[in-house]
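Q: I am new to this structure. Could you take me through it?

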Amino acid sequence: MHAGPVLLLDRALGACASVGSGAGRLAGLARVTVSATPSASIIGEWHSLIGLNLSHKAITGVIPGSFGNLKNLEWLDLSWNRLKGEIPVALINLNFLAVLNLSQNQFEGIIPTGGQFNTFGNDSYAGNPMLCGFPLSKSCNKSEDRLPHSTFQHEESGFGWKAVAVGYACGFLFGMLLGYNVFMTGKLQWLASLVEGVFNE
C-alpha cells in the first residue's frame with residue numbers, strides 16, 4: 001500500500017496480481033479498468049497506457065504528479081472518488097488526452113489551462129464546487145464577480161447607466177418640445193429657419 005498525501009489506498013493491489021506479477025508486465029497494456037486501486041507510483045510507470053478508469057473506487061488524497069508521465073493517455077476517468085487538492089499542472093503535458101472525467105470529487109483551486117485542457121467542457125469537472133476558472137463560469141478572481149466593481153469600470157469608460165439616463169432624458173425633452181410645437185402651430189417653420197440659419201453661417 002502507498003500511504004501519504006499523494007494517493008491513499010484502501011484496497012489491496014489486486015489488479016497487478018490478476019494480470020501478472022508487478023508493474024513490468026502492465027507497462028505494455030493499452031487500456032486498464034481496474035477492480036482494485038493500484039499504487040500511484042506504479043501507474044506513473046505505465047507509459048504505454050492509452051486509457052485508465054479508476055472511477056467509483058473510493059480513492060482519497062490528491063492526483064499524483066506522476067500521472068503526467070502517461071504521455072500516450074487518451075482518456076482518464078477518476079470520477080466518483082474522494083480526491084481533493086488541486087489538479088496537477090503536469091497533466092497538461094498529456095497531448096493525446098481527449099476524454100477527462102474528474103467529476104464528483106473534492107478538487108479545489110484553478111483548473112489548469114493549456115494543451116488538451118482547453119478542449120474539456122464543464123462536465124469534466126461537475127460536482128467539484130471549489131474548482132474555478134475556464135471552462136467553468138465561476139471566476140477565480142472574486143473581485144470580478146462583484147457588481148459594484150463592474151459598474152465602476154463601465155462608468156469610467158463613459159457607458160455607465162447615468163450617461164444613458166441623461167441621454168434618454170435629453171432626447172425625451174427635445175421630442176416633447178418638438179411634438180408640442182407641431183401640434184400647436186401645425187407647421188415646422190421655426191425648425192426650417194433654424195436649420196437654414198445653421199447652413200448659412
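The chat below moves from the overall make-up to a few chosen residues.

Q: What kind of model is this?
A: This is a predicted model.

Q: How many helices and strands does the protein have?
A: The protein has six helices and nine strands.

Q: And what share of the residues is buried?
A: Buried residues account for 33% of the 201 residues in the protein.

Q: What about the surface: how much of the accessible area belongs to carbon and sulfur atoms?
A: The accessible surface is about 12,200 Å². Carbon and sulfur atoms contribute 62% of that area.

Q: What share of the contacts is between residues 24 or more positions apart?
A: Among contacts with a separation of 6 or more, 37% are between residues 24 or more positions apart.

Q: Let us turn to the interior. Which residues touch the most other members of the largest nonpolar core?
A: They are Leu52, Phe67 and Tyr125, in a core of 26 residues.

Q: What does Tyr125 touch, leaving out residues up to four places away in sequence?
A: Its contacts include Ile87, Leu100, Leu102 and Ile111. Phe117, Phe120 and Leu131 are also among the residues that Tyr125 touches.

Q: On Phe117 and Phe120, how many aromatic pairs are found in the whole structure?
A: A search of the whole structure finds one aromatic pair. The ring centres of Phe117 and Phe120 are 5.5 Å apart and the ring planes stand at 75°, so the pair is edge-to-face.

Q: Are those two residues buried or exposed?
A: Phe117 is buried, with a relative accessible area of 1%. Phe120 is also buried, with a relative accessible area of 5%.

Q: New topic: how many disulfides are there?
A: A search of the whole structure finds one disulfide. A disulfide is a covalent bond between the sulfur atoms of two cysteines. Here the link is formed by Cys132 and Cys140, with their sulfur atoms 2.0 Å apart.

Q: What is the handedness of that link?
A: The link of Cys132 and Cys140 is right-handed, with 110° about the S-S bond.

Q: How accessible are the two cysteines, Cys132 and Cys140?
A: Cys132 has 9% relative accessibility and counts as buried. Cys140 has 33% relative accessibility, so Cys140 counts as partly exposed.

Q: Where is Gly133 found?
A: Gly133 is in the loop between strand S9 (130-132) and helix H4 (147-156). Its relative accessible area is 14%, under the 20% limit, so Gly133 is buried.

Q: Which residues does Gly133 touch, not counting those up to four places away in sequence?
A: Gly133 touches Ile111, Lys138 and Cys140. The last of these, Cys140, is also a partner in the disulfide.

Q: How far apart are Gly133 and Pro112 in sequence and in space?
A: Gly133 and Pro112 are 21 residues apart in sequence, and their C-alpha atoms are 8.2 Å apart in space.

Q: One more residue. Where is Asn128, and is it buried or exposed?
A: Asn128 sits in the loop between strand S8 (106-110) and S9. Its relative accessibility is 5%, so Asn128 counts as buried.

Q: Which backbone atoms lie by a polar atom of the side chain of Asn128?
A: The backbone oxygen of Leu102 lies 2.9 Å from a polar atom of that side chain of Asn128. The backbone nitrogen of Gln106 lies 3.3 Å from a polar atom of the side chain of Asn128.

Q: Which residues does Asn128 touch, again leaving out those up to four places away in sequence?
A: Asn128 touches Leu102, Ser103, Gln104, Asn105, Gln106 and Phe107. Leu102 and Ser103 are also touched by Tyr125.

Definitions and conventions
Residues are numbered from 1 along each chain as its sequence is written. This is a predicted model: local features need pLDDT of at least 70, side-chain atom pairs count only at pLDDT 80 or more; totals for chains, interfaces and linings use all residues. Side-chain values use heavy atoms; hydrogens and water are left out. Helices (H or I, at least four residues) and strands (E, at least two) are DSSP runs, numbered from the N terminus. Buried means under 20% relative accessible area, exposed over 50%, partly exposed in between (1.4 Å probe, protein chains only). Contact means heavy atoms within 4.5 Å. Accessible areas come from the Shrake-Rupley method with a 1.4 Å probe; for residues, only the protein chains shown count as cover. Rings of Phe, Tyr and Trp (its six-membered ring) pair if their centres lie within 6.5 Å; planes under 30 degrees apart count as stacked, over 60 as edge-to-face and the rest as tilted. A polar contact is a pair of N or O atoms within 3.5 Å; within protein, one must be able to donate a hydrogen and the other to accept it, and residues adjacent in sequence count only if both atoms are side-chain atoms. A disulfide is a pair of cysteine sulfur atoms within 2.5 Å. A nonpolar core is a set of buried Ala, Val, Leu, Ile, Met, Phe, Trp, Tyr and Cys residues joined through side-chain atoms within 4.5 Å.
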